[in-house]
Amino acid sequence: MVQSTGPKKTKCAVFISGRGSNLKSLIEFSKKKNSPISIELIISDNSKSKGLKYAKIFKIRKKIFNYRNNSFNEKKIIRELNYYNIKFVCLAGFMKILSKEFIKNFKGKILNIHPSLLPKYKGLNTHHRVISNNEKYSGCTVHFVNSRLDSGKIILQKKVKISKTDTANSLKKKILFQEHKLYPKAIRKVFNL
Ligand code: GRF
């Protein structure tokens, strides 16, 4: 459990690489009076991330880091997070794997959302794999981040029924809709709210 800072919200950074629909839902959540987090920083490894537009819309600081040299750039990110007193990190469609060193710095304070019922379907192309395996259910998972891909302790999951007519694309949409509700719920749980 992360200790809530009382009426003051815990400063949070969201890491993205792409569209940023989870980022948007987290920003909206953070603005609620009873939300435990405030989003102070958006970090991306990709200057073309569509989600970066939310930095402008919601007037949140953004930083883009080139990830070609991981450890060097991670050190820069850690410095940045410390500078802004960030105590909590949400990965939301962030396509890079954070090093052990980075995770150690924020132990138990980094969350990720994955579009499957983990431990099933770790990694990429989840929906395609789920559909080709004729699964009856899929879903999404919010979990703590550890040094192994999509393997940290599960916080919450939401199951989604797959219909006969579902394609990878329709399933992605169904699950994304649930992701936007699950991530805030999982954060509340982590803060024991
Ligand atoms: C989501 O499906 C999330 O579960 C996965 O990457 C996707 C990001 O979507 N990790 P968005 O950028 O939040 O719209």
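Two residues are in contact here when their heavy atoms come within 4.5 Å of each other. With that in hand, here are the close-ups, all taken from a predicted model.

**View 1. T126 and the residues around it.**
This view is centred on T126, a residue of helix α5, which covers residues 126-132. Is T126 buried or exposed? Its relative accessibility is 5%, so T126 counts as buried. Setting aside neighbours within four places in sequence, the contacts of T126 are H114, P115, S116 and Y121. Two of these names come back in View 3: H114 and P115 are among the residues closest to the centre of the largest pocket.

**View 2. Helix α1 under cover.**
Helix α1 takes in residues 21-30, and it's mostly covered, with 8 of its 10 residues buried. Which ones are buried? They are S21, N22, L23, S25, L26, I27, F29 and S30. What do they pack against? On the strand side of the list there are β1 (10-16), β2 (37-44), β4 (88-91) and β5 (110-114). The helices packed against these buried residues are α2 (53-57) and α6 (168-190). A bit of background helps when looking at any helix: an α-helix has 3.6 residues a turn, so residues three or four places apart point the same way.

**View 3. The largest pocket.**
Here we look into the largest pocket, which has a volume of about 1,000 Å³. It is lined by 37 residues, and those closest to its centre are G93, M95, H114, P115 and L124. Which elements supply at least two residues each to this lining? That would be α1, β5, α5 and α6. Of the contributors, α6 gives the most, with 5 residues. Sorted by class, the lining of the largest pocket comes out as 14 nonpolar, 17 polar and 6 charged residues.

**View 4. The second largest pocket.**
Next comes the second largest pocket, with about 210 Å³ of space. Its lining is made by I131, N134, E135, K136, K161, I162, S163, K164 and D166. How do these residues divide by class? There are 2 nonpolar, 2 polar and 5 charged ones.

**View 5. Aromatic rings around F15.**
The whole structure holds 6 aromatic pairs. One of them joins F15 and F94 edge-to-face, with 5.2 Å from centre to centre and 85 degrees between the planes. This pair links distant parts of the chain: F15 belongs to strand β1, F94 belongs to the loop between β4 and α4 (100-105), and 79 residues separate them. Both F15 and F94 are buried. F15 also pairs with F102, again edge-to-face, at 6.0 Å centre to centre and 70 degrees between the planes. That pair, too, links distant parts of the chain, with F15 in strand β1 and F102 in helix α4, 87 residues apart. Why does F15 count as buried? Its relative accessibility is 0%, and buried means under 20%. F102 also has 0% relative accessibility, so F102 counts as buried. Put F106 into the picture and you have one aromatic cluster, made of F15, F94, F102 and F106.

**View 6. A lysine over a tyrosine ring.**
This one is a simple close-up of K159 and Y137. The charged end of K159 sits over the ring of Y137, 4.3 Å from the ring's centre.

**View 7. R68 out in the open.**
R68 lies in the loop between β3 (61-64) and α3 (70-83). With a relative accessible area of 77%, R68 is exposed. How far is R68 from K24? They're 44 residues apart in sequence, and in space their C-alpha atoms are 27 Å apart.

**View 8. Some unusual backbone spots.**
Most residues other than glycine have a negative phi, and most peptide bonds are trans. The peptide bond from L118 to P119, though, is cis, with omega near 10 degrees. P119 has its place in the loop between β5 and α5. N85 isn't a glycine, yet its phi is positive, at about 60 degrees. You'll find N85 in the loop between α3 and β4, and at 39% relative accessibility it counts as partly exposed. N192 has a positive phi as well, near 60 degrees. N192 is in the segment after α6, and its relative accessible area of 55% makes N192 exposed.

Technical notes: Residues numbered from 1 in each chain as written. Predicted model: local features only at pLDDT ≥ 70, side-chain atom pairs only at ≥ 80, totals over all residues. Heavy atoms only, no water. Helix = DSSP H or I, 4+ residues; strand = E, 2+ residues; numbered from the N terminus. Buried < 20%, exposed > 50% of the residue type's maximum accessible area, 1.4 Å probe, protein only. 1 Å grid on protein atoms, 1.4 Å probe; cavity = no way out; pocket = protein on both sides within 12 Å on 5 of 7 lines; lining within 4 Å. Points joined across faces, edges and corners; volume = space filled by probe spheres on them. Nonpolar A, V, L, I, M, F, W, Y, C, P; charged D, E, K, R; others polar. Phe/Tyr/Trp six-rings, centres within 6.5 Å; stacked < 30°, edge-to-face > 60°. Lys NZ or Arg CZ within 6 Å of the ring centre and 35° of its normal.
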